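The following exchange asks how certain descriptions of a structure are justified. Each reply sets a computed value against the criterion it has to meet.

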Amino acid sequence: MNVSVIGAGYVGLVTGACLAEIGHHVICLDANKEKVKRLKKGESPIYEPGLDKLLKKTNQSGHLSFTTEYPVACKKAEVIIIAVGTPSRPDGSADLSALQDVAEKIGSHARDNGTIVVTKSTVPVGTNRKVQSWLATHSSSAARFKIASNPEFLREGSAIHDTFNGDRIVIGTDDEESAMRLETLVAPFGVPVLHTSIESAEMIKYSSNAFLATKISFINEIANLCEKLGANVEDVARGMGMDQRIGSSFLQAGIGYGGSCFPKDTNALVQMAGEMEHEFELLESVIHVNAKQQVKLVKMAKQHFKDLKGKRAGILGLSFKPNTDDIREAASMEMIKQLLTEGVHLTVYDPVAMENTRSVHGSSVSFADNCFEAIEDQDMLFIATEWEEFKVLRLKTISKLMKTPILFDGRNCFSLEEAKEARIHYYSIGRPAVTHTPAMKKPHSW
Ligand code: NAD
């Protein structure tokens, strides 16, 4: 089929490349000219495992191309997939301005009868109906467009794998023929397809993300209690997860969720509920718990040192999770803000998210060339993202490199036994702190 994808970000680019890989002819359009220029040269503007290779392959086979021009993208398209961002407005509701802009432009440029316009962006319930009217803004033939909701469930860091191995593909439309055409489009992925109404499809996305966020905040609250009651959250989570009604995924205690989806989507669902005069108290608490959890390590450091002013700290991990360069709503960003306010001198390191962090924090922090540079001679070290590169470090090595060996590990990367052996002060999440006396101090080496 001839498919156009509007918005070549994490979702649009992966979707476009994967649809090209299964044999469709795909044109990706993005408003960002620089991005399209890089894509045309075969460069991926984002870090996503396997994407570079897939872009090259599908580009060379002639199945995937890029443009900034709507007439090019819309001319032959049988299916147009919208995957532009829907960021949070200050009140938490979803900003649909990019979506509206795109729908209006599609309405102006797509002429074919029966073109299916699919919204993949995460949008509040009722938005697809608005898309139908936006398509009509500059088009006399808008009635001939078919609309469908097809929410995306891929995870950054494993997006290509998820597209080929997803748990379900949800297609929400009123039109049976469109439902069947879209099922045929995605059939080679071999993923189960669920057909629903448009509104239910829109709601499935929000409720799935809200449920996962709830699981995370739940285990984090259990972790906070474990610390006070002397239990170990890892054993607790294992014991809970063995119950098949609960399941073990999303029960890893840490410094909270981040990224471009959970924070935005939980806020938007609370907002949506509010508009219906329904107070979604459970989800409000989930959001509140997460905000506290993201800066928990800063609180721990303040308790340990009393005054942080003038101290030197390293931060390992900046992306909101491993295997992505995405720093949107990452716990590290809030930590950096608070630690700078406390007067801490920061040296940060991430395997792939340095460029993105530089564009946010510029000269207010130092950027290390490798993880050792971020550890060396520090008064304290924080781990904000559980990159494999950090997990294979040995605590004895970290301890030797630091001025005072004090580690605040927000992702429980190391065992308590190793921390005891390495004689490092080790604070983690939901597990007893490992401390040593007397306080270990080394002379300044600079
Ligand atoms: P993104 O910011 O990475 O990409 C959006 C792209 O759209 C950018 O390249 C931007 O230049 C382009 N764009 C913006 N306005 C445009 C316009 N008017 N015309 C053409 N292009 C335009 O966003 P993303 O992470 O890919 O997310 C897209 C949507 O998918 C969001 O609604 C998000 O909630 C949802 N989603 C994201 C993920 C994820 O893991 N990132 C997962 C599931 C769903």
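Q: Which residues are closest to the ligand, and how many surround it?
A: In this predicted model, 28 residues surround the ligand, and the closest are Asp30, Lys35, Thr86, Glu156 and Lys264. A residue is included if one of its heavy atoms lies within 4 Å of the ligand.

Q: What makes the approach of Thr86 to the ligand a polar contact?
A: A polar side-chain atom of Thr86 lies 2.6 Å from an oxygen atom of the ligand. The cut-off for a pair of N or O atoms is 3.5 Å, so the pair qualifies as a polar contact.

Q: How do you know that Glu156 and Ala31 also make polar contacts with the ligand?
A: An N or O atom in the side chain of Glu156 is 2.8 Å from a nitrogen atom of the ligand. For Ala31 the atom is a backbone N or O, 3.2 Å from a ligand nitrogen. Both pairs are therefore polar contacts under the limit of 3.5 Å.

Q: What percentage of the accessible area of the ligand does the protein cover?
A: On its own the ligand has 830 Å² of accessible area, and the protein covers 87% of this. The elements that give two or more residues to the surrounding shell are α1 (10-21) and α5 (97-109). α5 gives the most, with three residues.

Q: Why is His24 called buried?
A: Its relative accessible area is 9%. Buried means under 20%, so His24 meets the criterion. The residue is found in the loop between α1 and β2 (25-29), and its side chain reaches the backbone oxygen of Leu185 at 2.8 Å. Leaving aside residues up to four places away in sequence, His24 touches Met1, Val3, Leu19, His63 and Leu185.

Q: Why does Thr127 count as buried?
A: The relative accessibility of Thr127 is 1%, and the threshold is under 20%, so Thr127 is classed as buried. Thr127 lies in helix α6 (residues 127-135). Beyond residues up to four places away in sequence, Thr127 touches Leu96, Leu99, Trp134 and Glu202.

Q: How do you know that the span of helix α9 is close to the expected value?
A: Helix α9 (residues 198-229) has 32 residues, for which 46 Å is expected at 1.5 Å a residue. From its first C-alpha to its last, α9 reaches 47 Å, close to that expectation. Gly230 follows α9 and has a positive phi, near 85°.

Q: Why are β11 and β14 described as standing at the edges of their sheet?
A: Six strands form an open sheet in the order β11-β10-β9-β12-β13-β14, with parallel pairing. β11 (366-367) and β14 (425-427) each have a single partner strand, so one side of each is left without a neighbour in the sheet.

Q: What makes β12 a partner of both β9 and β13?
A: Pairing requires at least two bridges. Strand β9 (residues 312-316) pairs with β12 in the parallel sense over four bridges, and three bridges join β12 to the parallel strand β13 (residues 406-409). Both pairs therefore meet the requirement. Leu381 of β12 is the bridge partner of Gly314, and Leu407 in β13 is the bridge partner of Leu381.

Q: What makes both faces of strand β12 covered?
A: Met380 and Phe382 on one side are buried, as are Leu381 and Ile383 on the other.

Conventions
Residues are numbered from 1 along each chain as its sequence is written. This is a predicted model: local features need pLDDT of at least 70, side-chain atom pairs count only at pLDDT 80 or more; totals for chains, interfaces and linings use all residues. Side-chain values use heavy atoms; hydrogens and water are left out. The expected span of a helix is 1.5 Å times one less than its number of residues. Buried means under 20% relative accessible area, exposed over 50%, partly exposed in between (1.4 Å probe, protein chains only). Contact means heavy atoms within 4.5 Å. A polar contact is a pair of N or O atoms within 3.5 Å; within protein, one must be able to donate a hydrogen and the other to accept it, and residues adjacent in sequence count only if both atoms are side-chain atoms. Accessible areas come from the Shrake-Rupley method with a 1.4 Å probe; for residues, only the protein chains shown count as cover.
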